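Thank you all for coming. Please have the sequence and the structure open while I talk, as I will move from single residues to strands and then to a pocket.

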Amino acid sequence: MSNEHITLTAGDAEVDVLPGNGGRIGGLRIGGVELLRQGEKFGCFPMVPWCGRLRDGRFRDGAAVRQMPLNAPPHAIHGTARNSPWHTARKSTDEAVLTYDLTDPWPYPGRVTQQVVLGEESLTLTMGVETYESSYPAQIGWHPWFLRNLGGEDVTIGFEPAWQEERGEDHLPTGRRIGPRPGPWDDCFGMPGGVDVTLTWPGQLQLKVTSREEWVVVYDEQDEAVCVEPQTGPPDGLNTHPRLVTPLEPLEASTTWTWTRL
């Protein structure tokens, strides 16, 4: 199962789903043109059970302090599920459902379910975290690597956030909200009406990243790709904006990418 490769198709769109490689989307082709950066660490991976950097790899749950491995020293980054194989629960021509059971080093049992649904002009990713035992804080997000260039002009990023999280020297939010600054960015923004970011490859394609969530990290400091990451809280959110997963209330989120040819 570890190298299973699922290809979904709808119209002239194709999506590669790689359960064994962290449940990630390995590719998105529209009319044969690849939109995602290729490579085992790229594509679009799920960030769960936390998003972005976790300060010193630690978070508090009640009186307990939990320590995660420092995979981006001095911090822990992007959760644990992207480094683990997922299980294929079901698949069809245009949909795949994957599951991942939370395990060490994450200290709480639980199950993550990710649904990938491809339409002729859209891709919708939905993720949920559920627990059958104790409640715990968690986050959900996605980390796509969109190619900066598809063979024409470089992509432009259009969005109108309400605020930007001030970023400290340690790359983590200071807790202060400031007015949005010009890029390049490795920054978290607030969009209280929901994430709505438009990527435009002039003369080729326009793609909108939307989500009901109100946080988005935009990262465009690399030459090859730009990242637009909707998530359920800011970086270090397990400490600053914890969202609880309880036996009665799972944590759920979704994002949709919608494209049109130019």
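**Two residues, one sheet, one pocket**

Ala76 has a relative accessibility of 0%, and therefore counts as buried. I should say at once that what you are looking at is a predicted model, so please hear everything that follows as a description of that model.

Ala76 belongs to strand 9, which covers residues 76-77. If we set aside the neighbours within four places in sequence, Ala76 is in contact with Trp50, Gly52, Arg53, Leu54, Gly57, Met68, Pro69, Leu70 and Asn71. For one member of that list, Leu54, I can add that the C-alpha atoms of Ala76 and Leu54 are 5.1 Å apart in space, while the two residues are 22 residues apart in sequence.

Let me now set Gly158 beside it. Gly158 is part of strand 17, and, with a relative accessibility of 32%, Gly158 counts as partly exposed, because that class lies between the 20% under which a residue is buried and the 50% over which it is exposed. When residues up to four places away in sequence are not counted, Gly158 touches Asp196, Val197 and Thr198. Of these, Thr198 is 40 residues away from Gly158 in sequence, with a C-alpha to C-alpha distance of 4.9 Å.

Strand 17 brings us to the sheet. The sheet in question is open, has eight strands in the order 10-11-12-13-26-22-21-17, and is paired in the antiparallel sense. Why is one side of strand 10 and of strand 17 left without a neighbour in the sheet? Strand 10, residues 87-91, and strand 17, residues 156-158, stand at the edges, and each has a single partner strand, so there is nothing in the sheet on the other side of either. On average, and with direction ignored, neighbouring strands here are turned by 15° against each other. Further inside that order, strand 13, residues 122-130, and strand 26, residues 251-261, are joined in the antiparallel sense over eight bridges, and in one part of strand 26 we find Leu251 as the bridge partner of Val129.

Next, strand 23, which I find useful to look at one face at a time. Five of the five residues of strand 23 are buried, so this strand is largely enclosed by the rest of the structure. In a regular strand, the side chains alternate between the two faces of the sheet. Here both faces are covered, with Trp215, Val217 and Tyr219 buried on one side and Val216 and Val218 buried on the other. Strand 23 runs antiparallel to strand 20, to which five bridges join it, and Asp187 stands opposite Val218 in that pairing. Five bridges also join strand 23 to strand 24, again antiparallel, with Trp215 opposite Gln231; strands 23 and 24 form a hairpin with five residues between them.

These strands take us to the largest pocket, whose volume is about 410 Å³. Which residues lie nearest its centre? They are Arg53, Ile77, His78, His143 and Asp186, out of 25 residues that line the pocket. By class, the lining divides into eleven nonpolar, six polar and eight charged residues. At least two lining residues come from each of strand 18 (163-167), strand 20 (186-190), strand 23 (215-219) and strand 24 (225-231), and the largest share, three residues, is supplied by strand 20.

I would like to end with some backbone details. Most residues other than glycine have a negative phi, and most peptide bonds are trans. His78, which we have just met at the pocket, is not a glycine and yet has a positive phi of about 65°; His78 sits in the loop between strand 9 and strand 10, and counts as buried because its relative accessible area is 10%. Asp236 likewise has a positive phi of about 65° without being a glycine. Asp236 lies in the loop between strand 24 and helix 1 (237-240), and is buried at 5% relative accessibility.

As for peptide bonds, the one from Val48 to Pro49 is cis, with omega near 5°, and Pro49 is in the loop between strand 5 (44-47) and strand 6 (53-54). Asp104 and Pro105 are also joined by a cis peptide bond, with omega about 10°, and Pro105 is placed in the loop between strand 11 (95-102) and strand 12 (110-118).

Technical notes:
Residues numbered from 1 in each chain as written. Predicted model: local features only at pLDDT ≥ 70, side-chain atom pairs only at ≥ 80, totals over all residues. Heavy atoms only, no water. Pairing = 2+ DSSP bridges. Helix = DSSP H or I, 4+ residues; strand = E, 2+ residues; numbered from the N terminus. Axes fitted to C-alpha atoms, helices over the stretch in contact; angles between N-to-C directions. 1 Å grid on protein atoms, 1.4 Å probe; cavity = no way out; pocket = protein on both sides within 12 Å on 5 of 7 lines; lining within 4 Å. Points joined across faces, edges and corners; volume = space filled by probe spheres on them. Nonpolar A, V, L, I, M, F, W, Y, C, P; charged D, E, K, R; others polar. Buried < 20%, exposed > 50% of the residue type's maximum accessible area, 1.4 Å probe, protein only. Contact = heavy atoms within 4.5 Å.
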